[in-house]
Amino acid sequence: MKWKAIMLIDEIKSILEKYGYQINADSKLRIESMVQSLKDDNQLYKLDYIIEWFAKRREQSDMIVKEIGINELEKWNVNGQTGNISHETGGFFEIIGVKASNTFEREVGKKGWTQPMIGKNPGGVLGLLMKKINGVPHYLLQAKAEPGNIGKLQISPTLQATTSNLLKAHGGTKPKFAEYFDENRKTKTIYSKWQSEDGGRFYLKSNYNMIVEIDENEDIEIPDNFIWVTLFQIKQLLKIENFVSPHVRGIISYL
């Protein structure tokens, strides 16, 4: 961090210690994250530029999404006996049916209910790549197109990949920057935990959330749909409706 930020962090630590707080590695990270959130210290791009950059990516997107019937899906099959929907490779996920019953009062009372769910999904990796630029932490985000997104694109993590994506079950290429989130690689892992997904839509689903730091002297090629953003800027972008993906919101909640 810049020297002023370092001085501020040290001063906050001294004040907390004066009042009996024990400062460990976790609380130090909390202080650093708070200071990061106070000021736009991006060494490359101002917030207005990032907003314009993303708006331009949305305008340039040529993705067209049209709702079609289940039977029109390519490489997806409907099981004649169960009605489950699955990919011909056996990967990605499967649409299953569940029946839920309990003793708790819900909208449907005590009788329970049935519903379709996204199941048999082994989860994947949701990762943010962090790099200090002139001492200031920056996070690599991407303008990622998904068919269900409002506005087609949302600001998403560096890596957003299912296990099937990582194994290239779709026959395409491995997701960009996936190699940095291999725990066998010599990078600094700031955060790595399995976190559950929405239990109303996903059946027993979790994703591995990660924040990984690379050396500030390491030069990496950044594609046009990726950009370095500070924590302050991410929190400002959250004020814009339908801009930032839920995965980014979930990962930075650790900071």
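Contact here means heavy atoms within 4.5 Å, and I keep that cut-off in mind for the helix pair that I look up below. I also note at the start that this is a predicted model.

**Entry 1: the chain as a whole**

I began with the overall inventory and found that the protein chain has 6 helices and 11 strands. Along its principal axes the C-alpha trace spans about 65 × 50 × 35 Å. I then looked up burial, and of the 255 residues in the protein chain, 40% are buried. For contacts between residues at least 6 apart in sequence, I noted that 64% join residues at least 24 apart.

**Entry 2: helices H1 and H2**

Next I turned to helix H1, residues 3-18, and helix H2, residues 25-36, whose axes come within 10 Å and cross at roughly 130°. How should I describe this pair: parallel, antiparallel, perpendicular or oblique? Angles over 145 degrees count as roughly antiparallel and those from 65 to 115 as roughly perpendicular, with the rest beyond 35 degrees called oblique, so I write that H1 and H2 are oblique to each other. I added to my notes that their crossing is right-handed.

Which residues make the contact? From H1 I listed Ala5, Leu8, Ile9, Ile12, Lys13 and Leu16, and these meet Lys28, Ile31, Glu32, Met34 and Val35 in H2. When I sorted this contact by class, I had 8 nonpolar residues, 3 charged residues and no polar ones.

I also looked up aspartate 10, which lies in helix H1. Is aspartate 10 buried or exposed? Its relative accessible area is 39%, and it is therefore partly exposed, since that class lies between 20% and 50%. The C-alpha atom of aspartate 10 is separated by 17 Å from that of proline 137, although their positions lie 127 residues apart along the chain.

**Entry 3: the nonpolar cores**

I then went to the largest nonpolar core, which has 25 residues, and I wrote down Tyr139, Ile211 and Leu237 as those with the most contacts inside it. The elements that give two or more residues to this core include helix H3 (47-60), strand E5 (124-133), strand E6 (136-145) and helix H5 (231-237). The most comes from H3, which gives 4 residues.

To see one of these residues in its setting, I followed isoleucine 211 and left aside its neighbours within four places in sequence; among its contacts are Leu128, Met130, Tyr139, Ile190, Ile251 and Leu255. There is also a second, separate core of 17 residues, and Val125, Leu129, Leu140 and Phe226 are included in it.

**Entry 4: histidine 247**

I found histidine 247 in helix H6. Beyond its neighbours within four places in sequence, histidine 247 is in contact with Leu126, Pro157, Gln160 and Glu197. I also checked histidine 247 against lysine 188, and these two are 59 residues apart in sequence and 21 Å apart in space, C-alpha to C-alpha.

**Entry 5: two residues with a positive phi**

Lastly I looked at backbone angles, and I noted that lysine 75 has a positive phi of about 70° although it is not a glycine. Lysine 75 lies in the loop between H3 and strand E1 (76-78), and at 48% relative accessibility it counts as partly exposed.

Asparagine 242, which is not a glycine either, has a positive phi of about 60°. I placed asparagine 242 in the loop between H5 and H6, where its relative accessible area of 38% makes it partly exposed.

Definitions and conventions:
Residues are numbered from 1 along each chain as its sequence is written. This is a predicted model: local features need pLDDT of at least 70, side-chain atom pairs count only at pLDDT 80 or more; totals for chains, interfaces and linings use all residues. Side-chain values use heavy atoms; hydrogens and water are left out. A nonpolar core is a set of buried Ala, Val, Leu, Ile, Met, Phe, Trp, Tyr and Cys residues joined through side-chain atoms within 4.5 Å. Buried means under 20% relative accessible area, exposed over 50%, partly exposed in between (1.4 Å probe, protein chains only). Axes are lines fitted to C-alpha atoms, for helices over the stretch in contact, and angles run from 0 to 180 degrees between N-to-C directions. A crossing is left-handed if the near helix is turned anticlockwise from the far one by less than a right angle, and right-handed if clockwise. Ala, Val, Leu, Ile, Met, Phe, Trp, Tyr, Cys and Pro count as nonpolar, Asp, Glu, Lys and Arg as charged, and the others, Gly among them, as polar.
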